[in-house]
Amino acid sequence: MANEIVKYHHELNTIPLRKFTPVEMNLFFSIVSRMREKGDKTVRLTFDQLKDLSNYKATANNRFINDLEMTYDKLMDLRFGKRSANGLDIDRFVMFSEFKIRGTAKDPYVDIQVYKKALPLLNNLDEWVRYSLQQFNELQSSYAKTMFRLLKQYRTKGFVYFSKEDFHELLDIPKSYWNNQANVDNRVIKPIRQELTAIFKGLSIKKKYGKGRGKPVVGYQFTFKPEIKKADDFNKHAPTKEEQNKALALADKQKEYEEPATTINEKIKQKKRELELLQQIKQLEKEKEALEKQTESALSEKEKKSLLSDLDNLFQ
C-alpha cells in the first residue's frame with residue numbers, strides 16, 4: 001500500500017459506525033479510498049488488494065470473508081445521508097447497491113458498486129475530508145480512529161467542539177458510560193490522547209462544564225496546531241509507542257503551564273508561556289505568508305481574522 005489517500009464528503013463523518021471493530025473500520029475506509037470518483041461503476045478488488053489496503057493481518061480466506069461479511073452487514077444497518085446547507089432537505093440511503101464476495105474464484109475478489117444516491121459522498125466533491133489510509137489503519141483504538149477522522153475534518157482550523165450528546169453518538173460510546181465520566185476518561189479519552197497527540201501537534205482536550213449539581217460535563221473542546229491546506233498526507237505512519245509517549249510528556253508539560261497561577265513565580269512562568277505562544281502564532285503567520293506567495297493567492301482580511309481567531313482559541 002503506497003500513497004493511498006482517503007477522501008470523501010464530510011457528511012460521511014456524521015454517520016456513527018455503530019459497533020464497528022477496528023478491523024471492520026479499516027476494511028470500510030480502504031474500500032472508500034478505491035471507490036472515489038468511480039461513479040456508479042462496479043469496482044473489483046481482489047482479496048490480496050483489499051488485505052494490503054486495509055493492513056489486514058490474518059491470512060485465512062475464511063476469516064477474511066467473515067470479516068468482509070460482518071462489515072457489510074453493519075453497513076446495511078446504517079443510513080447514510082446528505083443534508084442541504086440550510087438543513088431543511090435531508091436524504092437517507094444505503095452506501096452500496098452491490099457487494100458481491102467471491103471466495104471460490106481462482107483469484108478471490110469482491111465486487112462493489114456505490115448506490116446512486118450515495119454518489120455525491122465520493123464523487124465531484126466540493127467539500128471533503130482527507131487523510132492517509134495507512135496512518136488511519138495503523139491506529140489501534142476504534143475511538144482513536146473515529147476521532148482521527150473527525151479532527152481531520154478541521155485540520156486547517158485546529159479547533160472543534162462537540163456537545164456531550166454528539167460526542168457520545170459519533171464515537172458510539174456505550175450508554176452505560178453516560179453518567180460515568182471515569183469510564184469516558186479512561187476508555188475513550190485516554191486512548192485518543194495516547195494515539196493522536198503525536199499526530200495533531202499541541203492537541204488539547206478540555207471538558208466543558210455546565211451548571212447544576214456536580215458541574216456536569218456538557219461538551220468537549222479539541223484544539224491543535226492547524227495544518228496548512230497543502231500538507232503532505234502521503235506515506236504517513238501512525239506514531240510508535242515511543243513517539244506517542246514523548247508527545248504525551250510534552251503535552252503534559254504544556255498543561256502545567258496552563259494551570260491557574262497563584263504565586264508571583266507561577267504568574268511569571270505563565271506570562272513567559274503566553275509570550276512563547278504568541279511567538280508560535282507569529283511563526284504560523286510567517287508560514288501562512290510564505291504559502292500565499294508560493295501559491296500566488298492572498299487571504300482576505302476576513303479569512304485572516306478567522307485564522308487569528310482560531311489560533312487564539314487554540315492557545316486559550
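These legends accompany close-up views of a predicted model.

**Overview. The whole chain.** The chain contains ten helices and ten strands. It has 316 residues, and 44% of them count as buried. Consider contacts between residues at least 6 apart in sequence: 67% of these join residues at least 24 apart.

**View 1. Helix α1 packs against helix α5.** Two packed helices are described by the angle between their axes and the distance between the axes. Here the partners are α1 (residues 22-35) and α5 (residues 142-152). Their axes come within 9 Å. The crossing angle is roughly 35°, and the crossing is left-handed. From α1, the residues in contact are Pro22, Met25, Asn26 and Phe29. They meet Ser142, Lys145, Thr146 and Arg149 of α5. By class, this contact has three nonpolar, three polar and two charged residues.

**View 2. Gln135 sits buried in helix α4.** Helix α4 spans residues 133-138 and includes Gln135. Gln135 counts as buried because its relative accessibility is 6%, and the cut-off for buried is under 20%. Leaving aside residues up to four places away in sequence, Gln135 touches Phe148, Ile199, Lys236, His237 and Ala238. One of these partners, Phe148, lies in helix α5 and returns in View 5.

**View 3. Tyr161 on strand β8.** Tyr161 belongs to strand β8, residues 159-163. Its relative accessibility is 39%, so Tyr161 counts as partly exposed. Setting aside residues up to four places away in sequence, Tyr161 touches Lys208, Val218, Gly219, Tyr220 and Gln221. One of these, Val218, also offers its backbone oxygen: the Tyr161 side chain reaches that atom at 3.5 Å. Phe222 is 61 residues from Tyr161 along the chain, yet their C-alpha atoms are separated by 6.2 Å.

**View 4. An edge-to-face pair, Phe47 with Phe64.** The structure holds 18 aromatic pairs. In this one, the ring centres of Phe47 and Phe64 are 5.0 Å apart. The planes stand at 70°, so the pair is edge-to-face. The pair links distant parts of the chain, 17 residues apart. Phe47 lies in helix α2 (residues 47-53), and Phe64 lies in helix α3 (residues 61-76). Both Phe47 and Phe64 are buried.

**View 5. A tilted pair, Phe136 with Phe148.** A pair of aromatic rings is described by the distance of the centres and the angle of the planes. For Phe136 and Phe148, the centres are 6.3 Å apart. Their planes are at 40°, so this pair is tilted. Phe136 is in helix α4 and Phe148 is in helix α5, so the pair ties together parts that are twelve residues apart in sequence. Phe136 and Phe148 are both buried.

**View 6. An aromatic cluster.** Ring pairs join a set of residues into a cluster. Its members are Tyr8, Phe28, Phe29, Tyr72, Phe96, Phe99, Tyr131, Phe136, Phe148, Phe200 and Phe224. Phe136 and Phe148 are the tilted pair of View 5. Phe29 also takes part in the α1 contact with α5.

**View 7. Gln49 on helix α2.** Gln49 is found in helix α2. With 34% relative accessibility, Gln49 counts as partly exposed. Ser30 is 19 residues away along the chain, and the C-alpha atoms of Gln49 and Ser30 are separated by 9.8 Å.

Methods
Residues are numbered from 1 along each chain as its sequence is written. This is a predicted model: local features need pLDDT of at least 70, side-chain atom pairs count only at pLDDT 80 or more; totals for chains, interfaces and linings use all residues. Side-chain values use heavy atoms; hydrogens and water are left out. Helices (H or I, at least four residues) and strands (E, at least two) are DSSP runs, numbered from the N terminus. Buried means under 20% relative accessible area, exposed over 50%, partly exposed in between (1.4 Å probe, protein chains only). Contact means heavy atoms within 4.5 Å. Axes are lines fitted to C-alpha atoms, for helices over the stretch in contact, and angles run from 0 to 180 degrees between N-to-C directions. A crossing is left-handed if the near helix is turned anticlockwise from the far one by less than a right angle, and right-handed if clockwise. Ala, Val, Leu, Ile, Met, Phe, Trp, Tyr, Cys and Pro count as nonpolar, Asp, Glu, Lys and Arg as charged, and the others, Gly among them, as polar. A polar contact is a pair of N or O atoms within 3.5 Å; within protein, one must be able to donate a hydrogen and the other to accept it, and residues adjacent in sequence count only if both atoms are side-chain atoms. Rings of Phe, Tyr and Trp (its six-membered ring) pair if their centres lie within 6.5 Å; planes under 30 degrees apart count as stacked, over 60 as edge-to-face and the rest as tilted.
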